[in-house]
Amino acid sequence: MPTPRRRRSVLPLTLSATALLVPLATACSGGASDDAADGGQRLRVVMAFPPAQAMSPYGDDAVTLSRLAVIEGLTTLDRDGAAKPALAASWKRDSAKEWTFTLRKATFQDGAKVDAAAVVRSLNAAEKASPKPRVLSDTGLTASAPGAGTVRIVTDEADPLLPQRLANPSLTILSAAAYADGKVNPAGHATGPFTLAAVKGAVSATLERNDAYWGGKAKAPGVDVTFVADGTARANALRTEAVDVAEYVPISQASLLGDGLVHEFPSARTNGLSLNTEHGVFADPAMRAAAREAIDSKALVKAVYEGRADTAQGLLGPGIPWAADARTAPVDRAKAADEAQVAKTKEIVLATYTNRPELPEVATVVQQQLSKRGFTVKQVVRDYAQLEADALAGKYDAFIQARNTLLDTADPVSYLASDFTCDGSFNISQLCDKRVDTDVNKAAGTAGTDARHTAAAAAEADVLGTDALVPLLHERFVQGYDDSRVRGVSLDPMERTLITADTHVG
């Protein structure tokens with residue numbers, strides 16, 4: 001059983017954090033004279049996840065490039081997850097599978113023009129990439145250029161979410177030079193307000209301002225980035241002013257830093273208790289209902305997250321602004337088994353992973369809450385890579401996970417389909433329910449923002465009615481910066497933006 005996390009004194013780590021970061025910042029940054037000449041101060045940013053694929057746009061590194069304002073796609077997303085113009089000024093749907101996008105006037109960081117040929121090259125290269133970007137795993141597309149300023153995109157199946165899909169960082173638009181040597185190199189060949197100038201492996205990166213950016217020059221002359229996996233070290237670097245922005249401050253450090261340095265906001269992540277609906281104790285709906293009734297979300301938020309999370313509201317939390325208004329109550333829920341019935345069941349296995357530091361503590365509190373209801377609970381806590389295959393195969397009775405409910409298209413229907421339908425690719429609860437499948441499929445085919453939200457909410461209610469997943473809480477993200485001197489940091493529930501053209505010190 002994992003022991004609860006204990007706060008450590010921050011003083012012993014302050015020197016190590018500073019020692020780790022300062023040499024890197026010195027190596028990356030221009031001097032004070034450079035800052036003055038450029039009319040501003042360079043930003044110093046520490047990020048949690050180092051590059052894993054040499055800054056390839058087809059994996060998770062694309063999100064890093066997006067969060068650093070290096071790359072852009074045809075579209076971007078607003079707070080509600082709706083598509084809005086980026087490199088495409090406008091678009092129209094010509095038929096169920098055909099779309100036309102009209103490009104804005106823009107140039108790449110290497111001086112080449114953003115034209116239809118460049119867009120077609122980038123999108124078709126992503127479609128042919130191996131492995132294919134995750135955002136294209138459930139669809140296919142073909143791009144062509146009917147004119148210099150227009151792009152025609154044809155999808156394999158009807159896809160009302162194509163404009164949102166094109167906002168995914170893996171579908172970034174790059175110049176021809178990015179593909180020159182058989183690999184995809186975004187450095188100097190993207191369109192964002194900052195140019196990726198240098199990368200030192202998994203240690204650091206240097207960005208310079210793109211003075212030709214179509215949206216106007218960035219306020220900072222450049223960004224010096226270091227990658228530090230240790231959350232305490234990131235927090236201490238912020239505290240000692242070794243950096244201006246610290247990504248993902250751990251909950252354990254947030255209260256120590258204080259409100260002037262930490263900025264929390266709702267995320268699209270829901271921590272949930274997946275119950276095995278196919279085998280074992282929780283194949284009985286009455287036992288799943290008993291587990292649901294045993295969970296005290298407020299106690300979890302207080303005990304583990306120190307109040308820096310939101311109590312469970314459903315599958316979709318406050319990081320999705322429209323969810324609360326669209327939500328409908330579950331119907332036809334089973335009556336919960338009483339404590340005497342629960343006590344007669346065999347031991348259940350509750351699993352979670354160590355990669356997210358709060359989850360083992362969550363598992364301990366959930367174990368206590370289930371035990372109070374009469375369940376006998378055994379914990380399994382390991383690295384996620386050691387658990388995933390068994391979890392997907394249904395080898396655990398219960399599984400605690402933190403899940404991004406917006407996934408790759410910034411739309412919850414993809415999450416509902418992958419996690420709760422009979423053919424879902426990430427169906428840890430092993431749920432196969434006709435009503436759920438019908439309503440998820442209906443939502444997937446629904447066009448129009450409001451109608452799609454209503455359909456997604458109906459499918460959410462279906463899932464909650466089965467008790468296949470008991471929502472535990474909704475995470476908040478905590479980003480670190482001194483709000484008395486740092487401006488324009490993006491607090492994005494979808495995790496796609498952090499540094500923008502407006503981010504600056506002063």
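Two strands count as paired if DSSP finds at least two bridges between them. The exercises below apply this and similar criteria to a predicted model.

**Exercise 1.** Which strands pair with strand 16, and in which sense does each run?

Solution.
- Step 1. Strand 12, residues 262-275, is joined to strand 16 by 7 bridges, and the two run antiparallel.
- Step 2. Within strand 12, a position to look at is Asn 271, which stands opposite Ala 402 of strand 16.
- Step 3. Strand 14, residues 348-353, pairs with strand 16 in the parallel sense over 2 bridges. Here Leu 350 stands opposite Ala 398 of strand 16.

**Exercise 2.** Decide whether strand 16 is enclosed or open to the outside.

Solution.
- Step 1. Sort the side chains by direction. Ala 398, Ile 400, Ala 402 and Asn 404 point one way, while Phe 399, Gln 401 and Arg 403 point the other way.
- Step 2. Check burial for both sets: all of these residues are buried.
- Step 3. Because 7 of the 7 residues of strand 16 (398-404) are buried, the strand is largely enclosed by the rest of the structure.

**Exercise 3.** Describe the surroundings of Val 249 and explain why Val 249 counts as buried.

Solution.
- Step 1. Locate the residue: Val 249 sits in the loop between strand 11 (245-246) and helix 7 (251-257).
- Step 2. Apply the cut-off. Buried means under 20% relative accessible area. Val 249 has 6%, so Val 249 is buried.
- Step 3. List the contacts, leaving out residues up to four places away in sequence: Val 249 touches Ala 235, Ala 254, Leu 257, Val 262, Val 478, Gln 479 and Gly 480.
- Step 4. Add a backbone distance. The C-alpha atoms of Val 249 and Gly 231 are separated by 6.1 Å, with their positions 18 residues apart along the chain.

**Exercise 4.** Find where the partners of three salt bridges lie, and state whether each partner is buried or partly exposed.

Solution.
- Step 1. Recall the background: side chains of opposite charge can pair when their charged atoms come close. In the whole structure, 28 salt bridges are found.
- Step 2. Take Asp 244 and Arg 485, whose closest N and O atoms are 3.0 Å apart. Asp 244 is in the loop between helix 6 (231-239) and strand 11, and Arg 485 is in the loop between strand 17 (469-481) and strand 18 (486-487), 241 residues apart. Asp 244 is buried at 0% relative accessible area, and Arg 485 counts as buried at 18%.
- Step 3. Take Arg 308 and Glu 264, with closest N and O atoms 2.4 Å apart. This pair links the loop between helix 9 (297-305) and strand 13 (309-311), which holds Arg 308, to strand 12, which holds Glu 264. Arg 308 is buried at 12%, whereas Glu 264 is partly exposed at 28%.
- Step 4. Take Asp 411 and Arg 452, which meet at 3.0 Å, N to O. Asp 411 is in the loop between strand 16 and helix 14 (412-420), and Arg 452 is in helix 16 (449-466), 41 residues apart. Both Asp 411 and Arg 452 are buried.
- Step 5. Look for shared partners: Arg 44, Asp 244, Asp 482 and Arg 485 are joined into one network of salt bridges.

**Exercise 5.** Which residues touch the most other members of the largest nonpolar core?

Solution.
- Step 1. The largest nonpolar core has 61 residues, and those touching the most other members are Leu 273, Phe 282, Val 366, Phe 375, Ile 400 and Leu 472.
- Step 2. Follow one of them: the contacts of Phe 282 include Met 287, Ala 291, Ile 348, Phe 375 and Ala 398.
- Step 3. Apart from the largest core lies another core, of 58 residues, among them Tyr 58, Leu 65, Ala 126 and Tyr 481.

Definitions and conventions
Residues numbered from 1 in each chain as written. Predicted model: local features only at pLDDT ≥ 70, side-chain atom pairs only at ≥ 80, totals over all residues. Heavy atoms only, no water. Helix = DSSP H or I, 4+ residues; strand = E, 2+ residues; numbered from the N terminus. Buried < 20%, exposed > 50% of the residue type's maximum accessible area, 1.4 Å probe, protein only. Contact = heavy atoms within 4.5 Å. Salt bridge = Lys/Arg side-chain N within 4 Å of Asp/Glu carboxyl O. Core = buried A, V, L, I, M, F, W, Y, C linked by side-chain atoms within 4.5 Å.
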